[in-house]
There are 2 protein chains.
Amino acid sequence: MLDDVTQSQREPVKVFLVDDHALFRAGVRTELDSITDEVRVVGEAGSVAEAVAGIARTKPQVVLLDVHMPDGGGAEVLRRVRPELPDVVFLALSVSDAAEDVIAVIRAGARGYVTKTISSKELVRAVVRVADGDAVFSPRLAGFVLDAFADRPGSAPINDPELDLLTPRERDVLRLLARGYAYKEIASELFISVKTVETHVSSVLRKTQLSNRYELSRWASDRRLV
Amino acid sequence: MLDDVTQSQREPVKVFLVDDHALFRAGVRTELDSITDEVRVVGEAGSVAEAVAGIARTKPQVVLLDVHMPDGGGAEVLRRVRPELPDVVFLALSVSDAAEDVIAVIRAGARGYVTKTISSKELVRAVVRVADGDAVFSPRLAGFVLDAFADRPGSAPINDPELDLLTPRERDVLRLLARGYAYKEIASELFISVKTVETHVSSVLRKTQLSNRYELSRWASDRRLV
DNA sequence: GACCGGATCAGGGGTTTCCCCGATGGAACC
DNA sequence: GGTTCCATCGGGGAAACCCCTGATCCGGTC
């Protein structure tokens, strides 16, 4: 926020664009390249796989990253690129202003999150700032991260739309499941049959949109259910 | 960052100062009250106890909070005030730019952290922004929070006798396993066959004395391998 | 050169998980 | 008195997981 460094004195910041809409990429590229020489677009990609390869090849300083893409989220790109290239800075650029999207991509290592309502000029400024090591967020979005980071003051295990959907019995099962119990063990613990356990697990998986009990285990521990 | 709301149109933001140096408080109060009518200082305190009482009495929107005080840190004020007055916003204002100070006070619920090198004008702007629900950090400081929040990829996983027993490849497999990847996914990620994945998992289970991959998942996340 | 450990792969077999389907009894709500 | 939701149970099947054994190749070490 307070950096008055004279940008014109240095090399342009090398930027890589990741977004599954070619038209959007073209727009951003044109805007960034035309309005300033502070940034320079060195490559772009329309999928996770392309992004991983393209970033490794072009070695940008900053990656502008769409959060939702057909073959995986922006977080996936982060997870695959960061181990190899820890110095690349990621700035999420998304239509979504949902807290869970922001948190997920920041948790994966992005250093900022701006929505696509941003103007070209502001985007340039945001790119330069993250390249300088600053964090950049659209208004309100930083609060999501801080809330998630802060110790909730007594405010209990966390409330979530998905969590509210679960019935009491489903939570019982989930608690044990997350602790590593096998279905059979859960069954004997709760005095119900394995089949009933399966039914509950199925419901939980469906309601949480997760695909297996391993993710469920992590999901539950994120929510302090264990 | 992008809010162009006309401040002059609304009520001044009510600010409470907490700092153990009376002279510093006087300076801030004079500056804030003189240079603008966007903010108004409604009270001040030189200790944690005074702060808790004063904030409850004056009901400010924003509290400027020193991090280090004789009878407890700023985090202590936060912990005691927030349960009663959840709508009060805290902005840390400190000489320290140490990561642990920043993290501690943000974890306690502060919505920003600026150092005392800030100018009066910038401080006013920072106060207004946090009152608007934005997060405000001096340059570089936000990065500390994001780093602490992000899943750490390289940064010092815990060491353990069992962990030392694992071969590098076994750790690769374990990392993905703990993230909820299926064997098949791990195989394609690491360019090995499912059978090899099974072998590695078996070795890890044997070495860690655990009985299945769910326990393994929790074990790994306890050790920050994920 | 022999030995050992790490990494890779494979076969075979048993267990567990997951996902369809359907069913019953009870409570709550209109 | 029907409808809806919850909790319970089951069959059948596909996929994934776990374990055991055995095998090859490679890079160190003694």
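## What sits around DNA strand D

In this predicted model, 20 residues surround DNA strand D, and the closest are A:T167, A:R169, A:I192, A:T196 and B:Y183. Here, a residue is near a strand if its C-beta atom, placed from the backbone, lies within 6 Å of it.

Before going on, some housekeeping. Residues are numbered from 1 along each chain as its sequence is written, and chains are lettered from A and ligands numbered from 1 in the order in which they are written. As this is a predicted model, local features need pLDDT of at least 70 and side-chain atom pairs count only at pLDDT 80 or more, while totals for chains, interfaces and linings use all residues.

Back to the DNA: helix 8 (168-178) and helix 10 (194-208) of chain A, plus helix 9 (183-190) and helix 10 (194-208) of chain B, each give at least two residues to the surface near strand D. Helix 10 of chain B has the largest share, with five residues. Helices (H or I, at least four residues) and strands (E, at least two) are DSSP runs, numbered from the N terminus.

Now for the two chains. Their contact (C-beta atoms, placed from the backbone, within 7 Å) takes 38 residues from chain A and 35 residues from chain B. On the chain A side, the largest share, six residues, comes from helix 11 of chain A.

Here is how both surfaces split by class:

| Surface | Nonpolar (Ala, Val, Leu, Ile, Met, Phe, Trp, Tyr, Cys, Pro) | Polar (the others, Gly among them) | Charged (Asp, Glu, Lys, Arg) |
|---|---|---|---|
| Near DNA strand D | six residues | eight residues | six residues |
| Side of chain A that touches chain B | 18 residues | nine residues | eleven residues |

Note on methods
Two residues are in contact if their C-beta atoms, placed from the backbone, lie within 7 Å.
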